[in-house]
Amino acid sequence: MRFKWEVSRNFLQYSKFILPVGLVAVLATVLGVGWYTQPDRFVRGYEPVQPIPYSHALHPGTLRIPCQYCHSGAAGSRYAGIPAVEKCMNCHSVTRTDSPEIRKLAALYESGEPLQWERIHSLPDHAYFDHRPHVNAGILCQTCHGEVQTMDVVYQNMSMRMSNCLGCHRDPEYALQAGSTIVKGPEHCYACHR
Amino acid sequence: MRLPEGIDAISRRRFLSLLAASMALTAGSSCSRIDRGKIVPYTRKPARGIPGVSAFYASTFQEGLAIQGVLVRTREGRPIHLEGNPEHADSRGMLSLRATGDLLGLYDPDRLGLPVHKGVRSNWQDATKALNNVLSDARLMDKRVLLLTGASASPSLKALLYDLRLALPGLRHVAWEPAAPVAQLAAARALFGKPMISRPDLRRADVILSFQSDFLGVEPDAPVLINDFASRRGVSTPTDPMNRLWVVEGHMTLTGANADERIQARPSRMTSLAFALARLLHREHSLPLPAGLDPAELDYFDLDRVSAASSVKASTMRLLARDLVRAGQSGVVLAGAPLPMEAHAACHLLNFMLGSEKHIMDRAQPFDLAGNVELKEILEQAARGEFAVGIFWGANPAYAFPDPALWKRAINGIPETFRIGLYEDETALDCAWRLPEHHWLESWGDFESPGFIGIRQPVSGPLHNTRQAEDLLLACLRGMRIQTQSTYLEYLKARWRSGVYVPGMPVPFESFWNSALHDGGVRRDSAQQASLQLNPEPLRKALESVRAEADSGGLELVLAPAAGVHDGRYSNNGWLNELPDPVTKATWSNPLLISPADAERLGLKDEDVVTVSSGTATVDAPVLVQPGQASGVAGIALGYGRRTGNVALAIGANAYQLLKGLTGDSFVIRSARISRSNSRSAIPRTQDHHRMEGRDLARSWALAEYAKTVDGGKTHHAHTASLIPEQKFPGQKWGMAVDLSKCVGCSSCVIGCQSENNIPVVGPERVLMGREMHWIRIDRYYEGDQQSPSVRHQPMFCQQCDDAPCEIVCPVNATTHSPDGLNQMTYNRCVGTRYCSNNCPFKVRRFNFFDYTSTKKEPETLVFNPEVTVRPRGVMEKCTFCIQRIQDAKQNAKHEARQVRDGEITPACVAACPSGAIVFGDLNDPESAVSKVSKLDRHYRLLEELGIKPSVTYLADIANPVAAEDKA
């Protein structure tokens, strides 16, 4: 009995100072960590080093190669796709064959060893984004992927959270070509989740 | 306990601060960039195929005597779903549920992945050398070689085996199937001179009489027969012609469950009943007997005598005879696979008398198949040491041959033994060399069906270090210095070039071959069949043997392959094990089915374990009281009680053993005994209650009743007032219609759905708790009295209610309504309160009580459909109408700037359904098939009085029993 009484007296003493301060500290930590780790902070600007320093600023930028020349799946598949090494070699079997990076590429092509790019854009498994309707509605790749044609090293421009999707689906005008008849994108769950 | 030096130096405060620091560091480091993995493109892209877009390949499935064309959907080179190939002239797009389910077999982690010699890993070089050596030796020394395989209808394999026989004169090839209707083949061989399976054209049949034939269930051509049968069931007006199914059977089959008139009789009485019917047709309706058969020979089968012995009423037989005569050439009689040869002969006689023989014999497919009797002889030869080499390819005699002792002696009598198979199964364990073969989805082949030669092509590269068995045989030929092709593909093509391709065709052979690959084979005019001559001699013999036979009066036991695992070849397949049996709804087990009367007499109730014995063989199995089972008749499924395989092990009992004492190739044991033991064994069933308790859920009317009623005779509930604001569906509104008259309850849709929607297998313990995950269940109800009930089947899945009760109770908005009328389930929002499931009046929502999938590793994970989320633990799920297929069709339509066409979207269940009972489409389009079907006057919606407005319409089942005035 006596022991219990002492505990609760101690507790009262604690409650005067330590408890409020502790609570505030815990709250501040939770909020601080939450704010600091908000997805946008880490997702946007993700710019990994790629195995081959392929420059989008050069190819689609300066040389004006259309996006879908390489990412040919975009109009007909859910995935835009990463070109096969073969596609690089279409040109690079004759162009810049002396560059060390192109030699690396040619060696991969010869050996059949897979070329492992670092993935930049990644959606959760339960989101079934489909490139087809977006590309076919005339939405530019840049709307989501940023000004890729200016990037020497590609980075993630949009955080690609559900709010990005819904924001545009609710008011797609800015992303569409002039004269498009589309007013809205679907907003129901099954449009993207299955 | 003393702490080590230094530990006590750390104060509590320091410990806590270290703890905090390490946690902060961990948190900090994990905040670095998320590892998103790699993207690995092709180095050289294959000529066709876009990543993310399904590619379809045609191939051919074979299981015993069944051959079906399949369309395999592949994604990035791996098969993910199987459906029927409509180009296949014989199977016409119908596919057995076991074919769909065998996709899981391709990715079975228990598959043998490399050659094994006496339990030690080996390699192909040694294996082929060993095989070559023993075969070359056998050739030189003129020794005998036993090659045991399963059934095959492959012309190229036949040619290859012929080549092999030329090279090896001592080769004895036996094709053996443990549960195939060998008696049927034997009857045809005796009567017509060639072994064949009779397949009636049920599209033309007005009256179908089945003697214990489960042609809607487990018999080889069931999918096509279901389609033919159902084509005459879906009446849209009461005057539409409808067929009538008479079933005479002892143990309750799926076919019996669908009968319009079901007669219970002991299987041993079937032959005399058939002969009595023949006599009746001849005497009272003057149908002619075939030439050479004296009517007096039938006199023993006097109606009164037979009806007294079989407890089938004479008046019923007269009714049946009258019905058959009325149908004439459109009357068809079928004998069941379990019945002995005499019964098959008797049914052929009946068909001859009716004149329907000419369209029943459409299927002139000769199979040379050995039964247990023939295999027994061969094994006795082997036991005497007559074979120097034994090659066991495919068939699994160590498990399925009824006499394990004889098998042991036989295998010990063969010095060199090779097993070619998918698994390290019972037979493999008895053989010295175990050679893994390709799964059929990794193999080449061709299969001859009436009117079509189907090609089997690999749809995936080999997953393991396996080889195609035919390639091994070719390697043996080459080892014997015989000039032949280097691969089976080359062999196949060479044979097609000379045998199938006609020189002078307007296309070169390569184009011909490629188009055959594309279509899954080539059509061939089925040679007009010469009219068959019935040889009366075997009939006379059958008559004599039936006359001589005495009714033992004992318990008769019928053995039939299981609906899921079949003859045991799919025992290691979780999908097929967990498929509820269409009649008993039992999963993961083969209970002994006994009649309610016998159960009462013996004091047995469900789940009591009994010992079944026949001769010296005994098997322990739990009892299941089966309404509608004839008294004195028990039934048990084959294919269980395997001794190998991580899934198959120790599930059910091996009923093959009971066949040990049998002298013929029938699957009926005439004097089985059952004795009760004191133990009980739970049977995992997906349905506990079998009556509708007066509610009108699965509606069924007799045709006559349907004719008399207006608007189906049932009042439709007016929509009652609702608190929920009315939903508007401006664009499409997806809906489904299920024709209960066409549905036979075969459960193909369950497996099709499971494969398409990544539905996990939960295992028998969880099924016992009611935690199975199937999105479709087939409710099966019994109406009427226990001893002879009528059976109803009703596919039940999410009804996509407009005013869905599940949606209003979800606290987190995880289940909501879509503008095209779907009740959406958003897994990522679900927190698992299960309120929705509690509020669902149809109980179609399924909850992931455990994490069933994340512990899976390759190759098991390869079976998943990448278009459907794999659900984690704690999440509710249910039928989505295959939203992935809807979305895909919508995107394709959008891409091509058009509307989605009616019939363009086929949910997996619709595609898997052989009867065409399920129709899917847009209810807002008045011209769509589903709109039209939903307006037929036998339509109704379930639990309409609740005001939930389901999007699924059911069409009442129409039965076609003999009219009451005819009975009188």
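**Exercise on the burial of chain B**

Task: State what share of the 968 residues of chain B count as buried.

Solution. The model is a predicted one, in which local features need pLDDT of at least 70 and side-chain atom pairs count only at pLDDT 80 or more, while totals for chains, interfaces and linings use all residues. Residues are numbered from 1 along each chain as its sequence is written, and chains are lettered from A and ligands numbered from 1 in the order in which they are written. Begin with the criterion: a residue is buried if 20 or more other C-beta atoms lie within 10 Å of its own, exposed if 12 or fewer, and partly exposed in between, with C-beta atoms placed from the backbone. Applied to the 968 residues of chain B, this criterion gives 54% buried.

**Exercise on the overall form of both chains**

Task: Establish how the radius of gyration of chain B and that of chain A stand against the globule rule.

Solution. Start with the secondary structure, where helices (H or I, at least four residues) and strands (E, at least two) are DSSP runs numbered from the N terminus. Chain B holds 32 helices and 36 strands. Its radius of gyration is 30 Å, close to the 30 Å of the globule rule for 968 residues, so chain B is as compact as a globular protein of that length. The radius is taken over C-alpha atoms, and the rule is 2.2 Å times the number of residues to the power 0.38. The C-alpha trace of chain B spans about 105 × 80 × 75 Å along its principal axes.

Turn next to chain A, with nine helices and one strand in the order α-α-α-α-α-α-β-α-α-α from the N terminus. For 194 residues a compact globule would have a radius of gyration near 16 Å, but chain A has 26 Å. The C-alpha trace of chain A spans about 90 × 50 × 30 Å along its principal axes, and 14% of the residues of chain A are buried.

Finish with the confidence, expressed as pLDDT (the predictor's confidence in each residue, from 0 to 100). Chain A has a mean pLDDT of 90, with 93% of its residues at 70 or more. Among its elements, helix 2 (residues 39–43) has the lowest mean, 75, and helix 3 (residues 57–62) the highest, 96.

**Exercise on the interface between the chains**

Task: Identify which elements of chain A each supply at least two residues of the side that touches chain B.

Solution. Two residues are in contact if their C-beta atoms, placed from the backbone, lie within 7 Å. The contact takes 35 residues from chain A and 34 residues from chain B. On the side of chain A, the elements that each supply at least two residues are helix 5 (85–92), helix 6 (100–111), strand 1 (117–118) and helix 7 (131–136). Of these, helix 7 of chain A gives the most, with three residues. That side has 15 nonpolar, twelve polar and eight charged residues; Ala, Val, Leu, Ile, Met, Phe, Trp, Tyr, Cys and Pro count as nonpolar, Asp, Glu, Lys and Arg as charged, and the others, Gly among them, as polar.

Now consider the strands, which pair if DSSP finds at least two bridges between them. Strand 1 of chain A pairs with strand 1 (residues 38–39) of chain B in the antiparallel sense over two bridges. Within strand 1 of chain B, Ile39(B) stands opposite Trp117(A).

**Exercise on the seven-stranded sheet**

Task: Find which strands form the edges of the open sheet of chain B.

Solution. The seven strands have the order 6-5-15-14-13-7-8 (chain B), with mixed pairing. The edges are strand 6 (120–121) and strand 8 (171–175) of chain B, each pairing on one side only. Inside the sheet order, strand 5 (residues 116–117) and strand 15 (residues 433–436) of chain B pair in the antiparallel sense over two bridges, and His117(B) has Trp433(B) as its bridge partner in strand 15 of chain B.

**Exercise on a buried helix and a buried residue**

Task: Describe the surroundings of helix 7 of chain B and of Phe352(B).

Solution. Take the helix to begin with: nine of the nine residues of helix 7 (residues 222–230) of chain B are buried. These buried residues pack against strand 3 (66–75) of chain B.

Then take Phe352(B), which is located in helix 12 (residues 341–354) of chain B. Phe352(B) counts as buried because 23 other C-beta atoms lie within 10 Å. Not counting residues up to four places away in sequence, Phe352(B) touches Pro290(B), Glu357(B) and Leu534(B).
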